[in-house]
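Hello,

Here is the structure I promised to pass on. Please open it first; my notes follow below.

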Amino acid sequence: RIPASEGIAGWVVEHGQPVLVPDVKKDERFYKEVDKVSRFKTKSIVCVPLKAKTKLIGVLELMNKVDGTAFTEEDVVLMSIFAYQAAMAIENARLYSELKERLEGEIQLQKKLSESDKFRALGLMASGVAHDFNNLLMGIQGNTSLMLLDIDSSHPHHERLKNIEQSVQTGAELTRQLLGFTRGGKYEIKPTDLMELMEKTSRMFAPTKKEIRIFTKYQKGIWSVKVDQAQIEQVLLNLYVNAWQAMPSGGDLYLQTQNVTLDKEFVRAIDIKPGKYVKMSVIDNGVGMDETTRKRIFDPFFTTKEMGRGTGLGLASAYGIIKNHGGYINVSSEKGEGT
Ligand SMILES: Nc1ncnc2c1ncn2[C@@H]1O[C@H](COP(=O)(O)OP(=O)(O)O)[C@@H](O)[C@H]1O
Ligand SMILES: [Mg+2]
């Protein structure tokens, strides 16, 4: 290696001019160490700058003519012409790959955006279905209640009618989630301390799940944010339930709130506004997810759980709610490590 700015090449970089050295022994600029390392015996040198327009991108150096004679002014001219062509080609290749990179970034962004389009469309569809579905359920509920009025608990159909009522309630719960997901439900936005909300919801959750230890890390002076409290509570409960189900033999749940400021660079790919946000984290050390699962968790009706345990709507509705609040929800998880 030749130290930067030493030797003939270094001189060319510094001055941006071609150099002709017919005999290196007579030129002080020649860096003698190089022959010791390379075991090459340099006699004559031509060195020309590689310039793309006005920008120097390198130098081109030739050593020793094959016929043993020294380089001439004519060689310098030939080399300069060649160097000009080479520099343009190199610079074009660089610009091309830069352009390609930027284009790939745009395509990535486009994919993310069409992702949220997909959710919007799904949301609209789901809310339509949810309303109709809810009306049907109310019909079943009404008739079941009327039949129950006519019979007492010793009647063989009593138990079955009770089961129907139970199923109707489960169905109603499902439509409630769908409506929450689609913003069809009523909104009530007020300034909220998310730390308090997290406290409150975790207190609701904690006593029923004794095998789970809850650790909290709340930043002091958390910013107030405008949210629909019922919906954010639902998001948190969905996350707690998932965490709990991921830790069948108990485990640790970490709850955190934190003020964060997201800059332009950060929000570019995730389709929200730059600015101040409050970040809530729900962390468990449960079974975790592999990549295939992780990629699909926000898809409506995606579940890895058995019938009756999972609907696959928890995270889809969480996604919808957070999105509607102008926020951003993300997951990181490792199989066997936690989420
Ligand atoms: N904390 C978690 N740990 C491991 N897997 C999780 C966790 N949360 C969600 N998942 C995965 O994401 C899927 C979808 O979650 P969700 O939308 O809440 O639906 P559900 O809980 O009804 O299956 C789950 O079935 C599970 O595979
Ligand atoms: Mg769930």
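Start at one residue pair: L253 has D284 of β8 as its bridge partner. Keep in mind that this is a predicted model.

The sheet

That pair belongs to a longer pairing. Strand β7 (residues 251-262) and β8 are joined by 10 bridges. The two run antiparallel. In general, strands of a sheet pair through backbone hydrogen bonds, either parallel or antiparallel.

Now the whole sheet. It is open, has 3 strands and follows the order β5-β7-β8. The pairing is mixed. β5 (212-218) and β8 (275-284) are the edge strands. Each has a single partner strand, so one side of each lacks a neighbour in the sheet. On average, neighbouring strands here are turned by 15 degrees against each other, direction ignored.

The helices on it

Two helices to look at next. Helix α5 (residues 194-205) packs on the sheet and touches β5, β7 and β8. Its direction makes about 165 degrees with that of β7. Helix α6 (residues 229-246) also packs on the sheet, touching β5, β7 and β8. The direction of α6 makes about 30 degrees with that of β8.

A surface patch

Last, please turn to helix α3 (residues 73-150), where F133 sits. F133 has a relative accessible area of 40%. That lies between the 20% limit for buried and the 50% limit for exposed, so F133 counts as partly exposed. Together with V129 and L136, F133 forms a nonpolar patch on the surface. The accessible area of the three together is about 290 Å².

Best wishes

Technical notes: Residues numbered from 1 in each chain as written. Chains lettered and ligands numbered in written order. Predicted model: local features only at pLDDT ≥ 70, side-chain atom pairs only at ≥ 80, totals over all residues. Heavy atoms only, no water. Patch = residues over 30% accessible without salt bridge, like charges linked within 9 Å, V, L, I, M, F, W, Y side chains within 5 Å. Areas by Shrake-Rupley, 256 points an atom, 1.4 Å probe, with all protein chains shown as cover. Salt bridge = Lys/Arg side-chain N within 4 Å of Asp/Glu carboxyl O. Helix = DSSP H or I, 4+ residues; strand = E, 2+ residues; numbered from the N terminus. Buried < 20%, exposed > 50% of the residue type's maximum accessible area, 1.4 Å probe, protein only. Pairing = 2+ DSSP bridges. Axes fitted to C-alpha atoms, helices over the stretch in contact; angles between N-to-C directions. Contact = heavy atoms within 4.5 Å.
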